[in-house]
Amino acid sequence: EYVLEYAEINDFNGRLNSQIKIEGNTSEAINSIVSGHVDVTDFMMTDKSDKAFLKANRIDCNLKRIDYANSSYVLDSLKFKAPYVYFEMDSITNNFFKIFKLDPNGDPITDTADLEQNTDSISSSDMYYAINNLNVTEGVMDYSDNLTGERFDYHLNKIKMDSDGISSKAD
């Protein structure tokens, strides 16, 4: 139910296992620092047509330091084993913008009431994120391009990526 507020989906599924360390004061929980390990197996999200658009056999994540109060999110490692993505582009939008309720600029579509409730929220420029190591193995992407009105489908497989030092402060 939580995800439905932010995404037009039929299914959000997978098995989660975690070991989390929370350091802080219970009377000021929002100021706590979170670290640990999160492992998700058999992850899958389907759109309103029951078509899988995001999947992964395994997502393995080592949380280095999550500091919500200061909008700082540092992952030591993030590994995707056999991920799958379906991406469909047309002349004005794409399936991810539609599913995650984003306007053509990639900004969240909100009504006035939501906007007034979130006026004290932090801007994305104040947020810090870093992934010390990002790894993808055995990735698959199905890409459907309908920009010209004549549909063309791409199937990419055996996608591999190993990247170090991704950061919101990078040039």
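Trainee: Which residues does Leu-54 touch, not counting those up to four places away in sequence?

Mentor: Phe-43, Met-44, Met-45, Tyr-84, Val-85 and Phe-96. Keep in mind that this is a predicted model.

Trainee: What makes those count as contacts?

Mentor: Heavy atoms have to come within 4.5 Å. The list for Leu-54 includes Phe-96, and those two residues are 42 apart in sequence, with their C-alpha atoms 10.0 Å apart in space.

Trainee: Where does Leu-54 lie?

Mentor: In strand E3, which covers residues 52-67.

Trainee: Why is Leu-54 called partly exposed?

Mentor: Its relative accessible area is 22%. Buried would need a value under 20%, and exposed one over 50%. Because 22% sits between those two cut-offs, Leu-54 is partly exposed.

Trainee: How many residues are in the largest nonpolar core?

Mentor: There are 22. Ile-9, Phe-53, Ile-59, Cys-61, Leu-63, Leu-75 and Leu-78 have the most contacts inside this core. At least two core residues come from each of E2 (33-47), E3, E4 (72-89), helix H1 (95-99) and E5. E3 gives the most, with 6 residues.

Trainee: What makes a residue like Ile-59 part of a nonpolar core?

Mentor: A member must be buried, belong to a set of residue types that includes Ile, and be joined to others through side-chain atoms within 4.5 Å. Ile-59 is in the core, so by that definition it is buried, under 20% relative accessible area. As for contacts, leaving aside neighbours within four places in sequence, Ile-59 meets Val-38, Asp-39, Val-40, Phe-43, Leu-78, Lys-79 and Phe-80. As a general matter, nonpolar side chains in soluble globular proteins tend to be buried together.

Trainee: Now the charged side chains. How many salt bridges does a search of the whole structure find?

Mentor: It finds 9.

Trainee: How do you know that Arg-15 and Asp-42 form a salt bridge?

Mentor: The closest N and O atoms of the pair are 2.8 Å apart. The cut-off is 4 Å, so the pair qualifies. Arg-15 belongs to strand E1 (residues 9-23) and Asp-42 to strand E2, so to speak two distant parts of the chain, 27 residues apart.

Trainee: Why is Arg-15 called exposed, and why is Asp-42 called partly exposed?

Mentor: Arg-15 has a relative accessibility of 54%, and over 50% counts as exposed. Asp-42 has 42%, which falls between 20% and 50%, so partly exposed is the right label.

Trainee: What makes Glu-138 and Lys-81 a salt bridge?

Mentor: Their side chains meet at 2.7 Å, N to O, and that is within the 4 Å cut-off. Glu-138 lies in strand E5 and Lys-81 in strand E4, so this pair ties together parts that are 57 residues apart in sequence. Glu-138, at 47% relative accessible area, is partly exposed, and Lys-81 is partly exposed at 37%.

Trainee: Which residues are linked in a network of salt bridges?

Mentor: Asp-39, Arg-58 and Asp-60. Within that network, the side chains of Arg-58 and Asp-60 meet at 2.9 Å, N to O.

Trainee: Is Asp-60 buried or exposed?

Mentor: Buried: its relative accessible area is 11%, and the cut-off is under 20%. Arg-58 has 37%, so Arg-58 counts as partly exposed.

Trainee: How do you know that strands E5 and E6 pair?

Mentor: Pairing takes at least two bridges, and 12 bridges join E5 (residues 128-145) to E6 (residues 152-167). The two strands run antiparallel, and Ala-130 stands opposite Ser-167. They form a hairpin with 6 residues between them, and Gly-149 in the turn has a positive phi of about 90°.

Trainee: Which residues form a nonpolar patch on the surface?

Mentor: Phe-152, Tyr-154 and Leu-156, with about 290 Å² of accessible area together. Take Phe-152, found in strand E6. Patch residues need over 30% relative accessible area, and Phe-152 has 47%, so it clears that cut-off while counting as partly exposed.

Trainee: How many helices and strands does the protein have?

Mentor: It has 2 helices and 6 strands, running β-β-β-β-α-α-β-β from the N terminus on. Of its 171 residues, 29% count as buried.

How values were computed:
Residues numbered from 1 in each chain as written. Predicted model: local features only at pLDDT ≥ 70, side-chain atom pairs only at ≥ 80, totals over all residues. Heavy atoms only, no water. Helix = DSSP H or I, 4+ residues; strand = E, 2+ residues; numbered from the N terminus. Buried < 20%, exposed > 50% of the residue type's maximum accessible area, 1.4 Å probe, protein only. Patch = residues over 30% accessible without salt bridge, like charges linked within 9 Å, V, L, I, M, F, W, Y side chains within 5 Å. Areas by Shrake-Rupley, 256 points an atom, 1.4 Å probe, with all protein chains shown as cover.
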